[in-house]
Amino acid sequence: MLLEGKNIGFRYDKGPWILQDTNIAIESGEVVGIMGPSGCGKTTLGRILAGYEKPYEGSVTLNGAPLPQKGYNPVQLVFQHPEKAVNGRWHMANTLNEGWEPHDDILASLGIEKAWLKRWPNELSGGELQRFCVARALGTKTQFLIADEMTTMLDAITQAQIWHVVLDVAKKQNIGVLVVSHEKNLIKRLCHRVVDLEAMK
Ligand SMILES: Nc1ncnc2c1ncn2[C@@H]1O[C@H](COP(=O)(O)OP(=O)(O)OP(=O)(O)O)[C@@H](O)[C@H]1O
């Protein structure tokens with residue numbers, strides 16, 4: 001499998017071009033880091049690759065075909081703010097099972113307690129909520145994961161725990177991962193290769 005952004009051009013409304021003629025390709029099983037100064041468009045590119053934004057120019061393809069418009073999104077996005085990624089009127093059990101039903105072992109390895117399933121999102125800490133978002137994104141139909149500052153708000157131990165699970169599942173399911181992070185050490189430790197977004201423009 002290959003997730004490819006080709007000749008991507010993007011701007012918000014009539015604002016300045018954020019991305020121009022940008023190319024990126026991630027293969028199954030690869031862990032790719034993306035770096036570049038604040039505001040250069042890393043989050044925007046991640047959202048485009050996951051199909052959340054439509055590029056003005058260029059294309060996003062999965063093995064040469066456009067991303068599916070309906071059903072489970074094979075390119076899952078987990079970003080920094082889990083509270084913005086869940087429905088406040090759903091119990092956590094519903095959020096968790098939105099796209100697939102994660103097994104107990106995944107929940108346990110992410111440190112998700114059974115009792116949390118009956119809670120509302122506002123009854124969990126940001127870190128606890130993020131674990132649900134990670135579990136939800138690791139479905140058996142996930143082919144690529146865009147992790148945009150996914151563990152930035154977590155302490156070092158929780159960060160390590162979550163990345164351990166994500167990389168383990170990614171390896172088993174041959175998921176390609178794009179890591180967006182300001183933490184150079186994290187990128188260095190996790191990624192097979194790093195791309196510089198400024199250099200790609
Ligand atoms: N919804 C929006 N409407 C208008 N401009 C936006 C919007 N979202 C982002 N931008 C602008 O697009 C540019 C790229 O933002 P983006 O969040 O993709 O950068 P980034 O590289 O991820 O930044 P950071 O490292 O600070 O998170 C910034 O100049 C930002 O102000």
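Helices in these legends are DSSP runs of type H or I with at least four residues, and strands are E runs of at least two, numbered from the N terminus. The model shown in every view is a predicted one.

**View 1. Thr158 in helix α5 and its side-chain partner Asp155.** Thr158 belongs to helix α5, which covers residues 156–173. Because buried means under 20% relative accessible area, Thr158, at 8% relative accessibility, counts as buried. The side chain of this residue is in polar contact with the side chain of Asp155, at 2.8 Å.

**View 2. The edge-to-face pair of Trp17 and Tyr56.** A pair of aromatic rings is described by the distance of the centres and the angle of the planes. The structure contains 4 aromatic pairs. In the pair of Trp17 and Tyr56, the ring centres are 6.0 Å apart and the planes stand at 85 degrees, so the arrangement is edge-to-face. Distant parts of the chain are linked in this way, since Trp17 sits in the loop between β1 (2–10) and β2 (19–27), whereas Tyr56 sits in the loop between α1 (42–49) and β4 (57–62), 39 residues apart. Trp17 counts as partly exposed, with a relative accessibility of 32%, and Tyr56 also counts as partly exposed, with a value of 44%. Ring pairs join Trp17 and Tyr56 with Phe10 and Tyr12 in a cluster.

**View 3. The tilted pair of Trp116 and Phe132.** The rings of Trp116 and Phe132 form an aromatic pair with 6.5 Å from centre to centre and 45 degrees between the planes, an arrangement classed as tilted. Trp116 lies in the loop between α3 (104–109) and α4 (126–137), while Phe132 lies in helix α4 itself, so the pair ties together parts of the chain that are 16 residues apart in sequence. Both Trp116 and Phe132 are buried.

**View 4. The surroundings of Leu129 in helix α4.** Leu129 has its place in helix α4 and is buried, with a relative accessible area of 4%. When residues up to four places away in sequence are not counted, Leu129 touches Pro82, Glu83 and Val86, together with Met92, Pro121 and Leu124. Ala85 is separated from Leu129 by 44 residues in sequence, and the C-alpha atoms of these two residues are 9.5 Å apart in space.

**View 5. The open sheet of 4 strands and helix α1, which packs on it.** The strands of this open sheet follow the order β2-β1-β4-β5, and their pairing is antiparallel. The edges are formed by β2 and β5 (65–66), each of which pairs on one side only. Between β4 and β5, the antiparallel pairing extends over 2 bridges, and Thr61 has Pro66 of β5 as its bridge partner. Helix α1 packs on the sheet and touches β1, β2 and β4, with its direction at about 60 degrees to that of β2. This helix is mostly covered, as 6 of its 8 residues are buried; the buried residues in α1 are Lys42, Thr44, Leu45, Gly46, Ile48 and Leu49. Just after α1, Gly51 adopts a positive phi of about 85 degrees.

**View 6. Strand β7 with its parallel partners β6 and β8.** Strand β7, made up of residues 144–148, is mostly covered, and 5 of its 5 residues are buried. Covering extends to both faces of the strand, with Phe144, Ile146 and Asp148 buried on one side and Leu145 and Ala147 buried on the other. Strand β6 (residues 75–78) runs parallel to β7 and is joined to it by 4 bridges; Val75 has Phe144 of β7 as its bridge partner. Strand β8 (residues 176–180) likewise pairs with β7 in the parallel sense, over 5 bridges, and here Asp148 stands opposite Val180 of β8.

**View 7. The stretch listed in UniProt as "domain: ABC transporter".** An unreviewed UniProt entry lists residues 3–200 under this feature name. Over residues 3–200 the predicted chain is 30% helix and 24% strand. The C-alpha atoms at the two ends of this stretch are 16 Å apart.

Note on methods: Residues numbered from 1 in each chain as written. Predicted model: local features only at pLDDT ≥ 70, side-chain atom pairs only at ≥ 80, totals over all residues. Heavy atoms only, no water. Buried < 20%, exposed > 50% of the residue type's maximum accessible area, 1.4 Å probe, protein only. Polar contact = N/O pair within 3.5 Å; in protein donor to acceptor, adjacent residues only side chain to side chain. Phe/Tyr/Trp six-rings, centres within 6.5 Å; stacked < 30°, edge-to-face > 60°. Pairing = 2+ DSSP bridges. Contact = heavy atoms within 4.5 Å. Axes fitted to C-alpha atoms, helices over the stretch in contact; angles between N-to-C directions. UniProt positions renumbered as here; feature names shortened; annotations may be inferred.
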